[in-house]
Amino acid sequence: LCSVCPVKAGPDRIGTAIIFRDITYEKEIDNMKTEFISTVSHEMRTPLAITKEGLSLILDRITGNITEKQEKILSTAQDNIDRLGRLINNLLDVSKMEAGKMELHNVRLDIVSLTKKIISDFELKAKNKNLHLRMSFAFDQADVFADRDKVIQIFTNLINNALKFTGEGGIEIVGKEAGDFLEFAG
């Protein structure tokens, strides 16, 4: 790493200071951290997938009947396994971003209809917390060129956090135009 700055005596520049710093060790540590996160995350996926599949078999009554109480407990476990899967994916995404290896698969999509679908997936959860959930966009349709999965992930995280930390009232996803861009907030 190299830093350059002028050396002044009063208003006059009398020289230049150049400072070199070897950051090889820091880069190695950063690479080791990224590799560790990636390895651990990938290793966690297999037992998570097996557990999720087992729960699905039980909840779908393929293994036999279950009581309503058992279904509630197993559904809660399945929801938490899904949450853990999302956390692992987020961790991998951060690791990929830091390493400059994040791949986006951009396609043309209507952000309004996609957001409506995402919101509809959370309506029951919001209703169970006595919260209203709505969207307010300054446009009826907006085709964007974006990675569909990442957009879903962003809105899902936004709504999940809003539901988690909102005690009363409601949650509104707002979309507006900002020059050549669209801005969204919750």
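Begin the tour by selecting N130, which is exposed, with a relative accessible area of 68%. The model on display is a predicted one. N130 sits in the loop that links α3 (111–128) to β4 (132–137). Inspect its backbone as well: N130 is not a glycine, yet its phi is positive, at about 55°.

**The whole protein**

Next, zoom out and colour the protein by secondary structure. The protein contains 4 helices and 7 strands. Read from the N terminus, the order of these elements is β-β-α-α-β-α-β-β-α-β-β. The radius of gyration of the protein is 24 Å, well over the 16 Å that the globule rule gives for 186 residues, so the protein is more spread out than a compact globule. Rotating the view shows the extent of the C-alpha trace, which spans about 85 × 45 × 35 Å along its principal axes.

Now switch on the surface. About 13400 Å² of the protein is exposed, and carbon and sulfur atoms supply 55% of that area. Of the 186 residues, 24% are buried. Among contacts with a separation of 6 or more, 66% are between residues 24 or more positions apart. For a view of the charges, select the 25 positive and 28 negative ones; their mean positions lie 4 Å apart.

**Helix α2 and its two ends**

Select residues 68–99, which form helix α2. This helix has 32 residues and reaches 46 Å from its first C-alpha to its last, close to the 46 Å expected at 1.5 Å a residue. Within α2, show the side chains of the buried residues, including L74, I81, I88 and L92. Q78, D93 and S95 of α2 are also buried, as is G85. What do the buried residues of α2 pack against? They pack against α1 (24–59) and α4 (148–165).

Move to R61, in the loop between α1 and α2. R61 is not a glycine, but its phi is positive, at about 65°. Is R61 buried, partly exposed or exposed? Its relative accessibility is 33%, and R61 therefore counts as partly exposed.

Then go to G100, just after α2, where the phi is positive at about 70°.

**H105**

Select H105, in the loop between α2 and β3 (106–110). H105 is exposed, with a relative accessible area of 54%. Which residues does H105 touch, not counting residues up to four places away in sequence? They are A146, D147 and R148. Add I73 to the selection and draw a distance between the C-alpha atoms: H105 and I73 are 32 residues apart along the chain, and these atoms are separated by 37 Å.

**Helix α4**

Finish with α4, which has 18 residues. From its first C-alpha to its last, α4 reaches 26 Å, close to the 26 Å expected at 1.5 Å a residue. Display its buried residues, among them V151, F155, I159, A162 and L163. Q153, T156 and N160 of α4 are buried as well. Which elements are included in what covers the buried residues of α4? The cover includes the helices α2 and α3, together with the strands β4, β5 (143–147), β6 (170–178) and β7 (181–185). Keeping α2 and α4 in view together closes the tour, since the buried residues of α2 pack against α4 and α2 is part of what covers the buried residues of α4.

Definitions and conventions. Residues numbered from 1 in each chain as written. Predicted model: local features only at pLDDT ≥ 70, side-chain atom pairs only at ≥ 80, totals over all residues. Heavy atoms only, no water. Helix = DSSP H or I, 4+ residues; strand = E, 2+ residues; numbered from the N terminus. Rg over C-alpha atoms; globule rule 2.2 N^0.38 Å. Buried < 20%, exposed > 50% of the residue type's maximum accessible area, 1.4 Å probe, protein only. Contact = heavy atoms within 4.5 Å. Areas by Shrake-Rupley, 256 points an atom, 1.4 Å probe, with all protein chains shown as cover. Lys, Arg positive; Asp, Glu negative; His and termini not counted. Charge placed at Lys NZ, Arg CZ, Asp CG, Glu CD. Expected span 1.5 Å × (residues − 1).
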